[in-house]
Amino acid sequence: MSISSLVSEFGQTLYLYRPTNTVSSDGKPLRTYAQVTSFTGFVQPGAQGQDVLEGRQSGRTGGTIYVSGTLDVRIDDEIYSGTSGTVDRWRVSGASNPGEVGRLSASHRLNMTVIDVSEVEPRITP
């Protein structure tokens, strides 16, 4: 089964948020996220990591999100599974488009965006 058929059959609507850094009124740095776009993507969860963060175990689930075509996504963007209520949230750690890598004769069939993500918090309310 191709990635485009996985996305069309099992994909869900996801929302891309991009960070903006500002300074609060008391001079502290402040990072906020604003919605950039929505898209259909197929979420493939990966294995749970056992990172040690600040001296304690920090289990995080990594994964890959597949999107048909090209999507402007950057490192540190966040992807939400919804816009209100309880949603899943992932932070982007990398992205590539296999159709743009090299001069492959079948590159038109590889026109997709592959996004590496890690779960920020299992459930949040934006």
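Before we start, one cut-off to keep at hand: buried means under 20% relative accessible area, exposed means over 50%, and partly exposed is anything in between. Also bear in mind that this is a predicted model.

**Exercise 1. Get the layout of the chain: which elements does it have, and in what order do they run?**

Step 1. Count the elements: there is one helix, plus six strands.

Step 2. Put them in order. Starting at the N terminus, the pattern reads α-β-β-β-β-β-β.

Step 3. Check the contacts. Taking those in the chain with a separation of 6 or more, 57% are between residues 24 or more positions apart.

Step 4. Add the surface. The chain has 126 residues, and 31% of them count as buried. Its accessible surface is about 7800 Å², with 48% belonging to carbon and sulfur atoms.

**Exercise 2. Work out which residues make up the largest nonpolar core, and which strands each supply at least two of them.**

Step 1. List the members. The core has twelve residues in all: Leu14, Leu16, Phe39, Ile65, Val67, Leu71, Val73, Ile79, Trp90, Val92, Ile115 and Val117.

Step 2. Map them onto strands. At least two core residues come from each of β1 (12-23), β3 (56-68), β5 (87-96) and β6 (112-124).

Step 3. Zoom in on one member, Val117. Leaving aside residues up to four places away in sequence, Val117 touches Gly62, Gly63, Thr64, Ile65, Ile79, Trp90, Arg91, Val92 and Ser93.

Step 4. Look back from Thr64, which is found in strand β3. With residues up to four places away again left out, the contacts of Thr64 include Phe42, Ile115 and Val117. Thr64 has 17% relative accessibility, so it counts as buried.

**Exercise 3. Classify Asp72 and Arg74: are these salt-bridge partners buried, partly exposed or exposed?**

Step 1. Find the pair. Asp72 and Arg74 form a salt bridge, and their closest N and O atoms are 3.6 Å apart.

Step 2. Apply the cut-off to each residue. Asp72 comes in at 46% relative accessibility, so it is partly exposed. Arg74 has a relative accessible area of 44%, so it lands in the partly exposed class too.

**Exercise 4. Trace the salt bridges of Glu78: which parts of the chain do they tie together?**

Step 1. Start with Arg89. Glu78 forms a salt bridge with Arg89, with 3.5 Å between the closest N and O atoms. Because Glu78 sits in strand β4 (residues 78-80) and Arg89 in strand β5, the pair ties together parts eleven residues apart in sequence. Glu78 and Arg89 are both buried.

Step 2. Move on to Arg91. Its side chain meets that of Glu78 in a salt bridge, 2.4 Å from N to O. Here, too, β5 is tied to β4, because Arg91 lies in the former and Glu78 in the latter; the parts are 13 residues apart in sequence.

Step 3. Compare the cover. Arg91 has 27% relative accessibility, so it is partly exposed, whereas Glu78 is buried at 0%.

Step 4. Pick out the network: Arg18, Asp72, Arg74 and Asp77 are joined into one by salt bridges that share partners. The whole structure has six salt bridges.

**Exercise 5. Describe how Phe42 and Tyr66 pair: what is their geometry?**

Step 1. Set the scene: a search of the whole structure gives two aromatic pairs.

Step 2. Read off the geometry. Phe42 and Tyr66 are stacked, at 6.5 Å centre to centre and 25° between the planes.

Step 3. Place the pair. Phe42 is in strand β2 (residues 29-53) and Tyr66 in strand β3, 24 residues apart, linking distant parts of the chain. Phe42 counts as buried, at 13% relative accessibility.

Terms used:
Residues are numbered from 1 along each chain as its sequence is written. This is a predicted model: local features need pLDDT of at least 70, side-chain atom pairs count only at pLDDT 80 or more; totals for chains, interfaces and linings use all residues. Side-chain values use heavy atoms; hydrogens and water are left out. A nonpolar core is a set of buried Ala, Val, Leu, Ile, Met, Phe, Trp, Tyr and Cys residues joined through side-chain atoms within 4.5 Å. Buried means under 20% relative accessible area, exposed over 50%, partly exposed in between (1.4 Å probe, protein chains only). Helices (H or I, at least four residues) and strands (E, at least two) are DSSP runs, numbered from the N terminus. Contact means heavy atoms within 4.5 Å. A salt bridge is a side-chain nitrogen of Lys or Arg within 4 Å of a carboxyl oxygen of Asp or Glu. Rings of Phe, Tyr and Trp (its six-membered ring) pair if their centres lie within 6.5 Å; planes under 30 degrees apart count as stacked, over 60 as edge-to-face and the rest as tilted. Accessible areas come from the Shrake-Rupley method with a 1.4 Å probe; for residues, only the protein chains shown count as cover.
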